[in-house]
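Welcome, and thank you for opening the viewer. Please load the model, and let us walk through it stop by stop.

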Amino acid sequence: MARPPCSVGEVRPPPEGGLVEVRDGRPVAPDNPVVAYIEGDGIGPEVVNAARQVLDAAVRKAYGGRRRIVWWEVVAGSKAVEVCGELLPQATIEAIRTAKVALKGPLATPVASGHRSVNVALRRALDLYANIRPVKYYGQPAPHRYADKVNFVIFRENTEDVYMGIEWQAGSREAGRVREFLRREFGVDLREDAGIGVKAISRFATQRLMRKALRWAIEHGNRVVTIMHKGNIMKHTEGAFMKWAYEVATTEFRDYVVTEQELYEKHGGRLPEGKILVNDRIADNMLQQIIVRPWDYEVIVTPNLNGDYLSDAASALVGGVGMAAGMNVGDEVAVAEPVHGTAPQIAGMNKANPTAAILSGVLLIGEHLGWREVKEVVEEAVRRAMRDGKVTEDLAIHMPGATPLKTDEYTQTLIDYIESM
Ligand code: ATP
């Protein structure tokens, strides 16, 4: 196999594959799409390689020899340092831009080394503005009584909000100047020893996210899209997010949606057949709602920080990080990755649960590229593994009587289920 590209000049996709194209905002895949992958750090190589094997088996099962994935390795993180001498080669970014679809393992963020997170750098470089996280139950051991009723998808804004890192340390010259400016221009008094941060949320970023969420809802036949915000307190950021999100719904998607207000004013509280209800929930209430009434939610759209809290809380309902899949999407490019990190304590021990990486691959191939049969086959295999107690250690400890499987044994179990379908 060719060495991963280290310089932009070396970015040449495998010749046996075809490239995914984007037409009218939608990816169009050939029968042999090139899919870039990054093994990542820690348990990354174990879970990503498990995911590739399971996806290959599912594609074989679903399409015989008619379709196949052509994997293209590109590097970031410690392997990139080893192979190319840098953490995130420009060639990797260019390669993903070329392939338009990638599966990525977790990458370690070197602590206090002055490096920005490689994950964040990659997301920024490719403008992957929507973070999509399905929260779904497959029969895994879960702490929640209603776990089997949990089935929603979170669309988290990925580029703005307090995540932009615009903040100044208490006592710094910059904080002093900002404080002075606010006092002089706006008569706002802040304590001298206050750290100061800026929260920015734009109409542009809000609306492109909402568009993606509504398109998803239409394509999946969802009945409700919920805007999560803290607009009662932060009127011009979170409140504006809500307003702008509704605006997209009631202008660009007018024929598809009914707002909560219209539901009661015009439809007597009953959602007309074929329509999508667009409602909103205050962030703190939303965190309660997913626990007490998870069945009411299907697609949730939210700014960056709320989305962070919500997706962790939600994945805990259905058994935690070993199962949580994610995908970061822009207008052209999609990069799927498990939600969990590098788990260095168990790296290289053949113990990691690869399900999150496998289900991330399903998001990429089964959802984003539209190979629905792959999704069905893999999800069914995961359900059977859970049913039969054939799971990795992280889940087995919660299942009385289950013997934990190694990563490779679990992977083979899934492949066996797939082949026997
Ligand atoms: P990083 O520092 O890269 O974020 P992390 O391991 O500290 O990595 P998480 O991914 O949040 O961060 O993981 C928390 C813990 O959950 C890990 O330490 C590990 O014990 C466990 N864990 C995470 N992912 C998996 C997995 N796929 N399989 C088994 N255990 C996992």
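Which atom lies 2.9 Å from a backbone N or O atom of A343? Select A343 and the ligand to find out: the partner is an oxygen atom of the ligand.

Before going further, a word on what you are viewing. This is a predicted model, in which local features need pLDDT of at least 70 and side-chain atom pairs count only at pLDDT 80 or more, while totals for chains, interfaces and linings use all residues. Residues are numbered from 1 along each chain as its sequence is written, and side-chain values use heavy atoms, with hydrogens and water left out.

**Stop 1: the ligand**

Stay with the ligand and show the residues around it, meaning those with a heavy atom within 4 Å. They are I43, V321, H340, G341, T342, A343, P344, Q345, I346, A352, N353 and D394. Now look at polar contacts here, which are pairs of N or O atoms within 3.5 Å (within protein, one must be able to donate a hydrogen and the other to accept it, and residues adjacent in sequence count only if both atoms are side-chain atoms). G341 has a polar backbone atom 2.2 Å from a ligand oxygen. Q345 takes part through its side chain, with a polar atom 2.6 Å from an oxygen of the ligand.

**Stop 2: the domains**

Zoom out and colour by domain, using bounds from an automatic or database domain assignment. Domain 1 covers 1-132 + 323-421, domain 2 covers 143-157 + 201-317, and domain 3 covers 161-198. Taken over C-alpha atoms, the centres of domain 1 and domain 3 are 41 Å apart.

**Stop 3: strand β15**

Next, select residues 334-338, which form strand β15. Helices (H or I, at least four residues) and strands (E, at least two) are DSSP runs, numbered from the N terminus. Is β15 buried or exposed? All 5 of its 5 residues are buried, so the strand is largely enclosed by the rest of the structure. Here, buried means under 20% relative accessible area, exposed over 50%, and partly exposed in between, with a 1.4 Å probe and protein chains only. A334, A336 and P338 point one way, while V335 and E337 point the other way.

Add the neighbouring strands; two strands pair if DSSP finds at least two bridges between them. β5 (residues 101-104) runs parallel to β15 and is joined to it by 3 bridges, with A102 opposite V335. β14 (residues 325-329) runs antiparallel to β15, with 5 bridges, and M327 stands opposite A336. A hairpin of 4 residues links β14 to β15.

**Stop 4: H368 in helix α11**

Select H368, found in helix α11. H368 is buried, with a relative accessible area of 18%. Show its contacts (heavy atoms within 4.5 Å): leaving out residues up to four places away in sequence, H368 touches P27, V101, M327, V329, A334 and L363.

**Stop 5: helix α12**

Move to residues 372-387, helix α12. The expected span is 1.5 Å times one less than the number of residues. For these 16 residues that gives 22 Å, which agrees with the 23 Å between the end C-alpha atoms. Among its buried residues are V374, K375 and V377, and the cover over the buried residues includes α1 (44-63) and β6 (130-136). Just after α12, find G389, with a positive phi of about 65°.

**Stop 6: S420**

Finish at S420, in the segment after α14. S420 counts as exposed at 53% relative accessibility. A polar atom of its side chain is 2.9 Å from the backbone oxygen of Y417.
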